[in-house]
Amino acid sequence: ERALLALVDAGCQVPFGAHAELLGTGELRLHAALEVDGKLRRALATGDDPDELARRAFSELLPEGAQTP
């Protein structure tokens, strides 16, 4: 969650949320949502490396060329 927040690099006024959960397999699942241009974008990533999960979720939330709100 914190790694993704750092990548989004947005302040308190940006509609953003992230939640990580530990699965029974030992993997993490990261759910995230971000409002961009009035539209809600969602991301879901599963794996065992928190930083990699954050990068994958970030690339889903803000595809190339999109600007952080």
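This report walks through the strands, turns, helices and charges of a predicted model.

## Strands side by side

Let's start with the strands. Strand β1 covers residues 16-22 and strand β2 covers residues 28-36. These two run antiparallel, and seven bridges join them. You can pick out individual pairs if you look along the strands. A18 has A32 in β2 as its bridge partner, and H19 is partnered by H31 of β2. So here is a neat thing to spot on screen: an alanine paired with an alanine, and a histidine paired with a histidine.

Strand β2 also has a partner in β3. What is the sense of this pairing, parallel or antiparallel? β2 and β3 pair in the antiparallel sense, over nine bridges. One of the pairs here is L34 with R41, the latter sitting in β3.

## Two hairpins, two turns

Now have a look at how the chain gets from one strand to the next. The hairpin of β1 and β2 has five residues between its strands. Among them is G26, which takes a positive phi near 95 degrees.

The hairpin of β2 and β3 has two residues between its strands. Which residue takes a positive phi in this hairpin? That's D37, with a value near 55 degrees. Why point it out? Most residues other than glycine have a negative phi. D37 is not a glycine, yet its phi is positive, at about 55 degrees. D37 belongs to the loop between β2 and β3, and with a relative accessible area of 76% it counts as exposed.

## A residue in β3

Follow strand β3 along and you'll meet T46. Is T46 exposed or only partly exposed? Its relative accessible area is 28%, so T46 is partly exposed. You can also compare positions along the chain and in space: T46 and T25 are 21 residues apart along the chain, and 11 Å separates their C-alpha atoms.

## A patch of negative charge

Next, turn to the surface. Four residues, E27, D48, D49 and D51, gather there in a patch of negative charge. Where does D48 sit? D48 lies in the loop between β3 (39-47) and α2 (50-61). D48 is exposed, because its relative accessible area of 64% is over the 50% cut-off.

## One salt bridge

How many salt bridges does the structure hold? Just one. It links R55 with E52, and their closest N and O atoms are 3.2 Å apart. Both residues are in helix α2, three residues apart, so about one helical turn separates them.

How open are the two partners to the outside? R55 is partly exposed, with a relative accessible area of 44%. E52 is partly exposed too, at 30%.

## Back to the beginning of the chain

Finally, take a look at helix α1, which spans residues 2-8 and includes R2. Is R2 buried or exposed? With a relative accessible area of 77%, R2 is exposed. To place R2 relative to strand β2, try A33: the two are 31 residues apart in sequence, and 14 Å apart in space from C-alpha to C-alpha.

Note on methods
Residues are numbered from 1 along each chain as its sequence is written. This is a predicted model: local features need pLDDT of at least 70, side-chain atom pairs count only at pLDDT 80 or more; totals for chains, interfaces and linings use all residues. Side-chain values use heavy atoms; hydrogens and water are left out. Patches are made of residues with over 30% relative accessible area and no salt bridge: like charges are joined within 9 Å, nonpolar side chains (Val, Leu, Ile, Met, Phe, Trp, Tyr) within 5 Å. Accessible areas come from the Shrake-Rupley method with a 1.4 Å probe; for residues, only the protein chains shown count as cover. A salt bridge is a side-chain nitrogen of Lys or Arg within 4 Å of a carboxyl oxygen of Asp or Glu. Lys and Arg count as positive and Asp and Glu as negative; His and the chain ends are not counted. The place of a charge is taken as NZ of Lys, CZ of Arg, CG of Asp or CD of Glu. Helices (H or I, at least four residues) and strands (E, at least two) are DSSP runs, numbered from the N terminus. Buried means under 20% relative accessible area, exposed over 50%, partly exposed in between (1.4 Å probe, protein chains only). Two strands pair if DSSP finds at least two bridges between them.
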